[in-house]
Amino acid sequence: MKDFLLVLASGSRYRRELLERLGLPFQTWSPDIDESAHPGEAPIDTARRLSRAKAEAGAARFANAWVIGSDQVADLGGQAIGKPGTHDKAREQLRSMRGKTVLFHTGLCVANAARVRVVESLVTTEVAFRQLSDTEIERYLDREPAFDCAGAAKSEALGISLLERLSGDDPTALVGLPLIALCGMLRAEGLEIP
């Protein structure tokens, strides 16, 4: 399997940093796909569909590659919560989530271009937010403007202070790439990890 290339189909620096933990050579490539939810699509289904679409787009582009696609959708009572992009939207998101449990669905797909094979997984993390005051929200956003993270909070940094508890099978899933599931998928494809 030495002639195979490992490709991360993502422009996310968070996913890139997570994959670097495995010490495997890989390259990144950003697929040009519409990441909008389909009308009436549940957040969990959006995460699955987008992770597969990214992996399959990469598999079509790279021969002899394992292509990793991943996507995360935050789910508050069945409503998707995206990346806020601005301070005002981040404030609104955090206000809407205070005192509530949000589900972070992280889809994962590995497409093996040469074998025309696709394997998929979905990891959901339950995140209970504290009953945050407006002052706490503003202090957080002033110190850590997490505008590029769904739900406006980085659990791997100061955002952990906003939470009451986390529950899930893989702590890296919440950051955007479930490494436990990914290692199992890559081993099943014949890659030696560790």
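Which residue of β4 does Ala74 stand opposite? In this predicted model, the partner of Ala74 is Ile81 in β4. The two strands concerned are β3 and β4, and the latter spans residues 79-81. They pair in the antiparallel sense, over three bridges. Together β3 and β4 form a hairpin, with two residues between them. Gly77 lies in the turn and has a positive phi of about 60 degrees.

Strand β3 has further partners. β1 pairs with β3 in the parallel sense, over four bridges. Here Val7 stands opposite Val67 of β3. β5 pairs with β3 in the antiparallel sense, over 10 bridges. In this pairing Asp71 stands opposite Gly107 of β5.

How many of the 12 residues of β3 are buried? The count is 12 of the 12, so β3 is largely enclosed by the rest of the structure. Ala65, Val67, Gly69, Asp71, Val73 and Asp75 point one way from the strand. Trp66, Ile68, Ser70, Gln72, Ala74 and Leu76 point the other way. Both sets are buried.

One residue of β3 carries an annotation. UniProt, in an unreviewed entry, places the feature "active site" at Asp71. Asp71 lies in strand β3. Asp71 has a relative accessible area of 5% and is buried, because buried means under 20%. What surrounds Asp71, apart from its neighbours within four places in sequence? Arg15, Glu35, Ala47, Leu50, Ser51 and Lys54 are among the residues in contact with Asp71. His105, Thr106 and Gly107 are also in contact with Asp71. Gly107 is thus named twice around this residue, as a contact and as the residue opposite Asp71 in β5. Lys54 also has a polar contact with Asp71, side chain to side chain, at 2.8 Å.

From β5 the pairing continues to β6. Strand β5 covers residues 101-112, and strand β6 covers residues 117-129. The two pair in the antiparallel sense over 12 bridges. Val102 stands opposite Val127 in β6. β5 and β6 form a hairpin with four residues between the strands. Within that hairpin, Val116 takes a positive phi near 50 degrees.

β6 also pairs with β7, a strand of residues 163-167. This pairing is antiparallel and runs over four bridges. Val127 appears again here, with Leu166 as its bridge partner in β7. Val127 therefore has a partner on each of two strands: Val102 opposite it, and Leu166 in β7.

Helix α6 spans residues 179-188. Which of its residues are buried? They are Leu179, Leu182, Cys183, Met185 and Leu186. These residues lie on the same side of α6, because they cover an arc of only 165 degrees around the axis. Ile180 and Ala188, on the other side of α6, are exposed. Several elements cover the buried residues of α6. Among them are the strands β1 (5-9), β3 (65-76), β5 and β6. The helices α1 (13-20) and α5 (171-175) are also included. Strand β3 thus takes part in covering α6, besides pairing with β1, β4 and β5. Just after α6, Gly190 takes a positive phi of about 100 degrees.

Key. Residues are numbered from 1 along each chain as its sequence is written. This is a predicted model: local features need pLDDT of at least 70, side-chain atom pairs count only at pLDDT 80 or more; totals for chains, interfaces and linings use all residues. Side-chain values use heavy atoms; hydrogens and water are left out. Two strands pair if DSSP finds at least two bridges between them. Buried means under 20% relative accessible area, exposed over 50%, partly exposed in between (1.4 Å probe, protein chains only). The arc is that of the directions from the helix axis to the C-beta atoms. Contact means heavy atoms within 4.5 Å. UniProt positions are given in the numbering used here, feature names are shortened, and annotations may be inferred rather than shown by experiment. A polar contact is a pair of N or O atoms within 3.5 Å; within protein, one must be able to donate a hydrogen and the other to accept it, and residues adjacent in sequence count only if both atoms are side-chain atoms.
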